Each structure stands twice: as structure tokens, then as C-alpha cells.
Amino acid sequence: VEVNGSVLEDWCGGGVMLSCVRRDMLTALRALIERDKSSRFLLSGTVGGGKSLSLVTLGSFARAAGCLVVFMQAKFFTSATEPLGDLVCDFLSSHLSVPGNAALLKCLPCRSSGFASLYDLVVAGANDPGKAVDALVSYIKDVKREERVPVVLIVDQLNAFLGPHEIKGDDGRHEMIVPKDDPIGDLFAEWNIFSLARGIVAYALSSSFAGGKMAREGNWRAQFDAKH
């Protein structure tokens, strides 16, 4: 799997869109591409401060350079507008439709499930709401260990995962769950020690979701256990 560091070099050298992404994130991306150096970022700040735009721009740079980019908005999965399986199907279908993703995923073996490639795993989840959540969880676990290609995993609105939130069941009924009962949110329960074998993890906290103090510091389990 080939990455193209010259794309990043051209953009950085020309100053293109540098105002839309933090320079230290671009430096980390270059270090990932050139030296396989992994890193983690958390963006926080006031409403309208450019956190989401920075993440989108980072994802665009990384994708153009040949990285596998997984961009998640936590609120999408905690919105309860549709059953969780349907939401995840939509996410996986959208992920496959990103130019270059399908070809890239066909080159990467699946380790956590009985599929030949990550492409097969994602397709299976995208086509079956009953299997979608497990497929996404397996996919994140696999890209976490992926070493053949640099990975950039982006989670916007992280704190939507870190507190109680609603889900909609297949029967249309809504229920409130805590993070430990959300298999997707549980992946990021200890986000401050979540790392990739070869990649960058970038989060942003949304001002719309407060979360608890310990959750925002990376340990919602301690917060939940203290209250229950």
C-alpha cells in the first residue's frame, strides 16, 4: 500500500488551507507518513472555534496522501433518530463510497472476523442492520492494529459517547443507555489511552455535550462506578 508524502509537502509548502488545521496536526501527519510515528490529539474550545473544520481538513490531507481515514461523528450514533443498526449501515455505506476506500480495504486482511478482507467485513455490515454494529466494532478493532497502511481515525463530538444517551430499538422504542452498554461508544471509553499501531487518533469535544469531568479526562468508567 503506497502513501504519497509529496502531496502533504506540496500543500504545506504552499500554505494551502493551513489556517483550517493546526500546524502540529500536519507535523504529526508528516511524521506518520515519513517515520510511522503515531500520535493522538484532542481539540476543545468554544462554539465556532474551528474544531470540526480542523478535523475535516486533517482527514482531507490524510486521504490525499494515501492514508486510510475513518471519520466518525459521535452524535450521529447517539441521535436515536433510527435504530442503531440502521444508522451504522448508513455509516458503513458512506465509508465505502469515499473514493479510494473500497480499493484500499480490499488490500487489507480482516483479523477479527471470518472475512477475507476489511472490504468484505464492511460490505457485510453495510447490507445487514442486524450485523452492522458488530461489523463496525470489528472494523475499528482491526484498523487499530493495522500496520500495512497509515490510519487516521477521527472522532468529532467525542463527548456524545461519554455520557448517557438515547438509542432507538428495532421496535421503535427509545431507551436511555450508559456508555458501557453502547458497543460503539465503549470503544472510546478510555480514549486517552486508545492508540493505533500505525496512525493518528484525533478527537474534538463538542460544546453541546458536557460529559463528566472524569469522562472528559478519559475515564468514564471511574465516573460511572463512582455513582453506581
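Two strands pair if DSSP finds at least two bridges between them. With that in hand, here are some exercises on this predicted model.

**Exercise 1. Work out how β1 is placed in its sheet, and find the bridge partner of S39 in β6.**

Step 1: Start with the whole sheet. It is open, has four strands in the order β1-β6-β3-β2, and its pairing is parallel.

Step 2: Look for the edges. These are β1 (39-43) and β2 (68-73), each of which pairs on one side only. From one strand to the next, the twist averages 10°.

Step 3: Turn to the neighbour of β1. Strand β6 (residues 199-204) pairs with β1 in the parallel sense, over five bridges.

Step 4: Pick out the residue. S39 has I200 of β6 as its bridge partner.

**Exercise 2. Describe how α2 packs on α3.**

Step 1: Take the geometry. The axes of helix α2 (residues 23-35) and helix α3 (residues 51-64) come within 11 Å and cross at roughly 25°.

Step 2: Classify the angle. Angles under 35 degrees count as roughly parallel, so α2 is roughly parallel to α3. The crossing of these two helices is right-handed.

Step 3: List the residues that meet. From α2 come M25, L26 and L29, and from α3 come L55, L58, F61 and A62. By class, this contact of α2 with α3 has seven nonpolar residues, no polar and no charged ones.

**Exercise 3. Do the same for α5 and α8.**

Step 1: Helix α5 (residues 84-97) and helix α8 (residues 129-145) have axes 7 Å apart and pack at an angle of about 55°.

Step 2: That angle makes α5 oblique to α8. Their crossing is left-handed.

Step 3: On the α5 side, the contact is made by L84, G85, D86, V88, C89, F91, L92 and H95; on the α8 side, by P129, A132, V133, A135, L136 and Y139.

Step 4: Sorted by class, the contact of α5 with α8 has 11 nonpolar, two polar and one charged residues.

**Exercise 4. Where in the protein chain is confidence lowest, and where highest?**

Step 1: Begin with the overall picture. The protein chain averages a pLDDT of 79, and 79% of the residues score at least 70.

Step 2: Find the extremes. Confidence is lowest in helix α10 (residues 220-227), with a mean of 36, and highest in helix α7 (residues 118-126), at 97.

Step 3: Check the low stretches. Over residues 210-228 the pLDDT is below 50, and the model gives this stretch 36 contacts beyond near neighbours in sequence. Residues 1-20 also stay under 50, with 34 contacts beyond four places in sequence.

How values were computed. Residues are numbered from 1 along each chain as its sequence is written. This is a predicted model: local features need pLDDT of at least 70, side-chain atom pairs count only at pLDDT 80 or more; totals for chains, interfaces and linings use all residues. Side-chain values use heavy atoms; hydrogens and water are left out. Axes are lines fitted to C-alpha atoms, for helices over the stretch in contact, and angles run from 0 to 180 degrees between N-to-C directions. Angles under 35 degrees count as roughly parallel, over 145 as roughly antiparallel, 65 to 115 as roughly perpendicular and the rest as oblique. A crossing is left-handed if the near helix is turned anticlockwise from the far one by less than a right angle, and right-handed if clockwise. Contact means heavy atoms within 4.5 Å. Ala, Val, Leu, Ile, Met, Phe, Trp, Tyr, Cys and Pro count as nonpolar, Asp, Glu, Lys and Arg as charged, and the others, Gly among them, as polar. pLDDT is the predictor's confidence in each residue, from 0 to 100.
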